[in-house]
Each structure stands twice: as C-alpha cells, then as structure tokens.
Amino acid sequence: MSLPEARKIVGPDIALCGNVNCGLLQTGTEAEAKADTLRSLREGMADGRGYIFCTSNCVYTGMPLERYELMNGIWREYGNYDLIRK
C-alpha cells in the first residue's frame, strides 16, 4: 500500500504506520534496503502528520540483525520531520 494513497483515503487525522519492505530487508541488497527505508520515511512523514516508523510486517525469523540495525540507524539519522523534507 502506498502511504500517500493511504493518507488520501483515511485523511489527515489518523496516524499511519509501517511500510518498510520486510522482503527487501531480508533478501534485497543493502542499497535496496537503504532506499526503501528512506522512501518509507519520506512518504510517511511528507505531510508533517502522524507517522509511526516500522516495517510493513513482522520482522521475519532469520533476517540478519545487521539489516534491522541498518533500518534503525537510518531512522535515527533521518526520522526527524525537519530533516526528511530536505
């Protein structure tokens, strides 16, 4: 589900969550995982409304911990409404 499309459907008064692709975190390249994490942050935070950063589903058993840490590191660096809009 596209976060911008979901925002259009539910309106501005409901917080959205998720959308980092678990499959890419587990089997994609590091570059794909980084790009998808940044996309999720940009789309979720674009309108300055409520967004809860997380994956699109549960983190799968067997996903490398390094990928989860990569995602969280990107969130720590860019998960600020003032930074993500730049």
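**Exercise 1.** In which helix do Glu5 and Lys8 both lie, and how many residues apart are they?

*Solution.* This is a predicted model, in which local features need pLDDT of at least 70 and side-chain atom pairs count only at pLDDT 80 or more, while totals for chains, interfaces and linings use all residues. Residues are numbered from 1 along each chain as its sequence is written, and side-chain values use heavy atoms, with hydrogens and water left out. Glu5 and Lys8 both belong to helix α1 (residues 3-10), three residues apart, about one turn of the helix; helices are DSSP runs of H or I with at least four residues, and strands are runs of E with at least two, numbered from the N terminus. Their side chains meet in a salt bridge at 3.3 Å, N to O, the term requiring a side-chain nitrogen of Lys or Arg within 4 Å of a carboxyl oxygen of Asp or Glu.

**Exercise 2.** Find where the salt bridge partners Asp47 and Arg7 lie, and state whether each is buried or exposed.

*Solution.* The side chains of Asp47 and Arg7 meet at 2.9 Å, N to O. This pair links distant parts of the chain, with Asp47 in the loop between α3 and β2 and Arg7 in helix α1, 40 residues apart. Asp47 is partly exposed at 37% relative accessible area, whereas Arg7, at 11%, is buried (buried is under 20%, exposed over 50%, partly exposed in between, with a 1.4 Å probe and protein chains only).

**Exercise 3.** Compare the expected span of helix α3 with the distance between its end C-alpha atoms.

*Solution.* The expected span is 1.5 Å times one less than the number of residues. The 16 residues of α3 (residues 30-45) should therefore span 22 Å, and the end C-alpha atoms are 23 Å apart, which agrees.
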